[in-house]
Amino acid sequence: MDFNSLLAALHDSTEVFTIQDIVLTITLSFALSLIIGWIYKITHRGVSYSQSYVQTLVMMAMVVGIVMLIIGSNIARAFTLVGALSIVRFRNAVKETRDVGYIFFAMAIGMACGTRFYLLAVTATLVIAALIWVMDRYDFFSKEAAVQLLKIRLPSDMTYRGLFDETFRRYVDRYDLVAMETVLAGTLTELVYSVELKRNAEVEAFLRELGELNQNNKVVLVTGQQEVDL
């Protein structure tokens, strides 16, 4: 079989789409997923930003686009791909719930490109990205009182019940004990509180008083409870 016959055979086996479809699907899904990655980067908050995650979003959009080209309107092929992909197992935990939304965002855009709904892909990317930016810019659904984590260490033989009540009364609007554990081979007890400080509370004085009560052991106030692990 000569080279021309090979090209003709390849063309016959992929007659449902052309080279232009392949190039356009990959290029458009890449360009649109760059917008998704950019909006994720500028709206991300916290300490868990991952460059590899953003690059994975771009990769995912392109791969899903190609998968949709392969499936086309062939139901048997779709079930075959589902069975093949079902053996894949992902062990990386998603650190933020909003990251799941971006995964579906990239997949949806890749699917739109792969099924050749190009106008839908472009419009959806621009509109959704703009709405995400608006929600971040105007801080939708934020609470007026900032919730913070307070970690206090004290000797294991010291009773913590009622120890900090007076200090909390003067500096904190609301507090809840969310965790307690022993550290340093059981010599210390670490208490983790969820607290909402009063509007004009002096943080330095608050921490200083707590230090006097726990015999100057470690006291840590962490801003943004939702951004850290206990």
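Which residues does I109 touch, not counting residues up to four places away in sequence? The answer is given in the legend of View 2.

The model is predicted: local features need pLDDT of at least 70, side-chain atom pairs count only at pLDDT 80 or more, and totals for chains, interfaces and linings use all residues. Residues are numbered from 1 along each chain as its sequence is written, and side-chain values use heavy atoms, with hydrogens and water left out.

**View 1. The contact of helix 2 with helix 6.** Two packed helices are described by the angle between their axes and the distance between the axes. Here, the axes of helix 2 (residues 19–43) and helix 6 (residues 118–137) come within 10 Å and cross at roughly 5 degrees, which makes helix 2 roughly parallel to helix 6. Angles under 35 degrees count as roughly parallel, over 145 as roughly antiparallel, 65 to 115 as roughly perpendicular and the rest as oblique. Axes are lines fitted to C-alpha atoms, for helices over the stretch in contact, and angles run from 0 to 180 degrees between N-to-C directions. Helices (H or I, at least four residues) and strands (E, at least two) are DSSP runs, numbered from the N terminus. Among the residues making the contact (heavy atoms within 4.5 Å) are L28, L32 and I36 of helix 2 and A121, T125 and W133 of helix 6. The contact residues divide into 14 nonpolar (Ala, Val, Leu, Ile, Met, Phe, Trp, Tyr, Cys and Pro), 3 polar (the others, Gly among them) and 2 charged (Asp, Glu, Lys and Arg).

**View 2. The largest nonpolar core and the surroundings of I109.** A nonpolar core is a set of buried Ala, Val, Leu, Ile, Met, Phe, Trp, Tyr and Cys residues joined through side-chain atoms within 4.5 Å. Buried means under 20% relative accessible area, exposed over 50%, and partly exposed in between (1.4 Å probe, protein chains only). The largest core has 19 residues, and I36, Y102 and I109 have the most contacts inside it. Helix 2, helix 3 (51–71), helix 5 (97–114) and helix 6 each supply at least two of its residues, and helix 5 gives the most, with 6. I109 touches L32, I36, A121, A124 and T125, not counting residues up to four places away in sequence. Apart from this core lies another, of 16 residues, among them I152, M158, Y171 and V195.

**View 3. The salt bridge of R45 with D136.** A salt bridge is a side-chain nitrogen of Lys or Arg within 4 Å of a carboxyl oxygen of Asp or Glu. The whole structure holds 8 salt bridges. In one of them, the side chains of R45 and D136 meet at 3.3 Å, N to O. R45 lies in the loop between helix 2 and helix 3 and D136 in helix 6, so the pair ties together parts that are 91 residues apart in sequence. R45 is partly exposed, at 43% relative accessibility.

**View 4. A network of salt bridges around E166.** E166, R169, R170 and E209 are linked in this network. The side chains of E166 and R169 meet at 2.5 Å, N to O, and both residues lie in helix 7 (residues 165–171), 3 residues apart. E166 also pairs with R170, the closest N and O atoms being 3.6 Å apart. R169 is exposed, at 52% relative accessibility, whereas E166 is partly exposed, at 42%.

**View 5. Positive phi values in the loop between strand 2 and strand 3.** L184 has a positive phi of about 55 degrees although it is not a glycine. L184 lies in the loop between strand 2 (172–183) and strand 3 (188–197), as does A185. Phi of A185 is near 60 degrees.
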